[in-house]
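Thanks for coming. I will go through one structure today, starting with the overall picture and then a few residues. Please have the sequence and the model open.

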Amino acid sequence: MTRGRLAFFTILLTYFLIVFGGYVASSESGMGCGPEWPLCNGAVIPILQGDTLIEFAHRVIGAILGIMAVLLFVKIIRSHTNTTIRSVAWGMLFMLTVQILLGAVVVILDLPAIVVTGHLLVAMIFLASLIWLWRKTGMKESKGKIHTVSINIEKRKHIINHLNIVLVLLLLTLVFGAYIKHESYGLACGWLTCGDSLLPNTLPGILQTIHRVLAVISTIYLLLISYWAFSKRWGVAMQNRMLLSLLIVLLQLLIGAFTVISYLDIPWAVLHLAIGTALFGFVYEARAFAGIHMPLTRKPRIAVNANNKSQM
């Protein structure tokens, strides 16, 4: 299997594991193996039923992901001498190690909200590193299949800066959402109000409001970026990516409303996480695309004839 394909399948499995982790949390199956790690209820392979089956399946998928990530790391280190690529590969392996350790701490300490939130944050950074490696190491393999547009260095820097801001906003939104979920603050506010007023007056309500404000700001920012992509001619590839991201974030707002209206019904809660994770992944892929596959316009060379040289 080529590096590009291995990276792509590792990305898909990472996404699935994040979403499945959301299901584990929503179904309250996180302690299905008891406060033990790496054993599950005192056994390597426990009796697979109920919460134990769900939690053990999550661990097995995580183990498979770990193997795939290590294989990808080895392939990259063996075939690339580029310092940046190797550094990102090492960073990816480091994030994987931290993620495994945090997973153990989460179980041993009985699911503390702050550690579970950190677990999700590291997973998102790990996902981002995989997407970058997929784009970078798979570039030669997909040569001729990617439509690019030449762009000057200032415009590319402008695009990347805007996407970086959106990524920070999305990460903050996800982090607040995860913390609210694991502290059981998800119903601190209704869809439009917090208690008897529009403004929150409790800590859970304030946190829930911050989560919503960040989501709205992210949506507005993506709307602006989508407009700029067309008005400033960022190219078809980037325009399509921005339109897709905009559609996903609008869908996410709708799903967020239904999640609250349904009183955090498991399917809606898991779908909310699934779309939020996909949104982050698509926006980061657009950022990686801008940095890797958008060639710079070369400045025209100034011709100097022999007479001009002699006069200098």
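One definition before anything else: helices here are DSSP runs of H or I with at least four residues, numbered from the N terminus. I will use those helix numbers throughout. Also, please keep in mind that this is a predicted model.

Now the overall picture. The chain contains 9 helices and 0 strands, so, by the DSSP runs just defined, every element I name will be a helix. Of the 312 residues in the chain, 45% count as buried. The accessible surface comes to about 17000 Å², and 68% of that belongs to carbon and sulfur atoms. As for contacts between residues at least 6 apart in sequence, 72% of them join residues at least 24 apart.

Next, the inside. Which residues touch the most other members of the largest nonpolar core? They are M92, F126, I225, M238 and V283, in a core of 67 residues. The elements that give two or more residues to this core are helix 1 (3–26), helix 2 (50–79), helix 3 (83–108), helix 4 (113–137), helix 5 (153–182), helix 6 (203–231), helix 7 (236–261) and helix 8 (266–292). Helix 4 supplies the largest share, with 11 residues.

V283 is one of the core residues I just listed. Setting aside its neighbours within four places in sequence, V283 is in contact with L163, V166, L167, L170, L222 and S245.

Let me stay with helix 4 for a moment. Of its 25 residues, 18 are buried, so by the under 20% cut-off the helix is mostly covered. At 1.5 Å a residue, helix 4 should span 36 Å, and its end C-alpha atoms are indeed 36 Å apart.

Two residues of helix 4 serve as examples. The first example is T117, which sits in helix 4. T117 has 5% relative accessibility and therefore counts as buried. Not counting residues up to four places away in sequence, T117 touches V175, A178 and Y179.

The other example is A123, also placed in helix 4. What is its relative accessible area? The value for A123 is 7%, so A123 is buried. A123 touches I18 and Q99, again leaving out residues up to four places away in sequence. The C-alpha atoms of A123 and L17 are separated by 9.4 Å, although these two residues are 106 residues apart along the chain.

Now the charged pairs. Side chains of opposite charge can pair when their charged atoms come close. How many salt bridges does a search of the whole structure find? The search finds 3.

One of them joins E55 and R59, with the closest N and O atoms 3.2 Å apart. E55 and R59 are 4 residues apart in helix 2, which means that about one helical turn separates them. An α-helix has 3.6 residues a turn, so residues three or four places apart point the same way. E55 and R59 are both buried.

Another salt bridge is formed by R135 and E285, at 2.8 Å from N to O. Because R135 lies in helix 4 and E285 in helix 8, this pair ties together parts that are 150 residues apart in sequence. Both of these residues are buried.

E285 also meets R241 in a salt bridge, at 2.7 Å from N to O. Here E285 is in helix 8 and R241 in helix 7, so the pair ties together parts that are 44 residues apart in sequence. The relative accessible area is 10% for E285, so E285 counts as buried. R241 has 18% and is therefore buried too. Taken together, R135, R241 and E285 are linked in a network of salt bridges.

Last, the surface. Where is there a nonpolar patch on the surface? W191, L192, L251, L254, F258 and I261 form one, with about 610 Å² of accessible area together. L251, one of the patch residues, is found in helix 7. With a relative accessible area of 40%, L251 is partly exposed.

To recap two points: helix 4 gives the core its largest share of residues, and R135, R241 and E285 are linked through salt bridges. That is the end of the talk.

Conventions
Residues numbered from 1 in each chain as written. Predicted model: local features only at pLDDT ≥ 70, side-chain atom pairs only at ≥ 80, totals over all residues. Heavy atoms only, no water. Core = buried A, V, L, I, M, F, W, Y, C linked by side-chain atoms within 4.5 Å. Buried < 20%, exposed > 50% of the residue type's maximum accessible area, 1.4 Å probe, protein only. Contact = heavy atoms within 4.5 Å. Salt bridge = Lys/Arg side-chain N within 4 Å of Asp/Glu carboxyl O. Expected span 1.5 Å × (residues − 1). Patch = residues over 30% accessible without salt bridge, like charges linked within 9 Å, V, L, I, M, F, W, Y side chains within 5 Å. Areas by Shrake-Rupley, 256 points an atom, 1.4 Å probe, with all protein chains shown as cover.
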